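Please find below a short note on the structure under review. The points concern open and enclosed space and one helix pair.

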Amino acid sequence: MKRTLTMLFWFGVMFAHFVGIMAAAYLLGGLVEDVFPGASRLTNLVILMVAVVMGIASLLTVAERKWSSLMQNRIGPNRARINLPGLKDKALVGIPHFLADGMKMLFKEDFIPATANKLLYNLGPMLAFAPVFALFAVVPAGPTVSVFGKTVDMVVATPDFGILYVFAIASLAVYGTSLAGWSSNNKFALLGGVRAASQMISYEVALGLSLVGLMMAFSTVQLPTFVGNVANELGTGVAASGQARYLWSANFGGFDIGIPAWGFLLQPLGFFLFFAAAFAETKRAPFDTPEGESEIIGYFVEYSGMKFGLFMISEFVEIVVLSGLVVVLFFGGYHLPFGGEWLSNLPVMREHGWLYGTILGTVFWAKVMFFVWLQLAIRWTFLRFRYDQIQTLGWKILLPLGLINVFATGALVLWDPSLRALAIFGILQIGILVALTMSRKEAGTEGHGHGGAHGGHGHDAHGHDAHGHGLPAHGHAAHAAPHPAGAHSGAATASH
């Protein structure tokens, strides 16, 4: 009970920080817009990307260890202390470990192998981190509102090519892993680099296909247009658009409720394909064969100090960026599932646009933190896939499903441009998935002992064990048909 209360307390602290940060971002953006038009984009760069994204990514180095300890019924990191009055005996949920890790990496010896290519060796960590960090520049974290008579956007950049920027910049990260593995002049690092490059290139194909259906549904590639705005937002009289509009809706005393056109409802298959492909791009368990510690393989095996720190922090930045993209593309961005029109037309919201932006900005970060938690839970739930399984998933499962999704989406959008038919098709997909997930095998369907595929002995039907080692065939002919008990026993004894 104490642990639960502690977690709830820190969750409250976290969301209070999000409220304060978003309020400060809007108010500061309104002030600096007087300096020159677009100055708020620079403050967004500092607040959203440097403070929030990097802050969350840094704290995730501790949060992941604490969450894994919670799943495994351990305490987790709690030994580091801050030697100040009132704090020296406080574990502070392990946060001092994050500070200690940073200090250790900053002051650790910067070792460079004697036979390494020094230019490319030093360039590798930067090419691995910079593209991932730059991806968040196009993710809108809040609505566009008027603050002190100036228009303030809560996004760093809004290029016309939108999601194409994400594809282009994300593809550059493969150069960092490849160069790190090759320039180290280490065979284990090179093997890790080759694994990482082939895995990332393989899943980029499925990653792009997974979003084609969404682009067709909303007829755009710009992320703010995907999010859209509610009807008559802040009294501007604009029509509802993007994921903020309702497919079916009702109004009860001015409070709007309905089924929004969220990407997840329109493209559930696209969501699962995108999430799986993007998760594989992060190279985290269960897709972590490029850095398999048990195999002494890793493209950064020869790196130390802050260079290793850049590789490590880039993975956690990828978690935050992936969560932000999933929220913007499939879960309505910063919008509420219902009540958005009612909220935006309250007199206090019309008068103080920054307050409206602060509330919706906090909603955005709450959604992001949910998907951050989901990725941590997946990372500590599933075992590492074999490399051939990873390639099979990418080329033989995700790619064909992506093509099917594109054709089905195109047909439904042409048939019903209102997207209601597409939504019904998506809800059916979700229902089938839930039914398959909740279904159970009937008793007696599984083989027991020698009756099945020798599951009790860990052997497959070809006489191989689970680790791929060849073993005798265990007398398959003897097991294929009924025979006297004595003969069965003798055969089993002889084979073992």
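The numbered points below refer to this predicted model.

1. The largest pocket has a volume of about 1500 Å³. Its lining comprises 39 residues, and M7, W10, F11, A63 and V93 lie nearest its centre. Helices α1 (2-32), α2 (39-71) and α15 (353-379) each supply at least two residues of this lining.

2. In chemical character, the lining of the largest pocket divides into 28 nonpolar, 5 polar and 6 charged residues.

3. Enclosed space is a separate matter: a search of the whole structure finds 5 cavities of 30 Å³ or more. The largest cavity holds about 210 Å³ of space. It is lined by 15 residues, of which L135, A170, A278, E281 and E318 are the closest to its centre.

4. Two or more residues of the lining of the largest cavity come from each of α5 (163-170), α7, α11 (268-281) and α12 (305-330). Of these, α12 gives the most, with 4 residues. By class, the lining has 12 nonpolar, 1 polar and 2 charged residues.

5. Helix α7 (residues 187-210) also pairs with helix α16 (residues 387-415): their axes come within 8 Å and cross at roughly 15 degrees. The two helices are therefore roughly parallel to each other, as angles under 35 degrees count as such. The crossing of α7 and α16 is left-handed.

6. Residues making the contact include V194, R195, Y203 and L209 of α7 and Y387, W395, L399 and V406 of α16. In full, the residues of the contact of α7 with α16 divide into 13 nonpolar, 8 polar and 1 charged.

Technical notes. Residues numbered from 1 in each chain as written. Predicted model: local features only at pLDDT ≥ 70, side-chain atom pairs only at ≥ 80, totals over all residues. Heavy atoms only, no water. 1 Å grid on protein atoms, 1.4 Å probe; cavity = no way out; pocket = protein on both sides within 12 Å on 5 of 7 lines; lining within 4 Å. Points joined across faces, edges and corners; volume = space filled by probe spheres on them. Nonpolar A, V, L, I, M, F, W, Y, C, P; charged D, E, K, R; others polar. Axes fitted to C-alpha atoms, helices over the stretch in contact; angles between N-to-C directions. Parallel < 35°, antiparallel > 145°, perpendicular 65-115°, else oblique. Left-handed = near helix turned anticlockwise from the far one by under 90°. Contact = heavy atoms within 4.5 Å.
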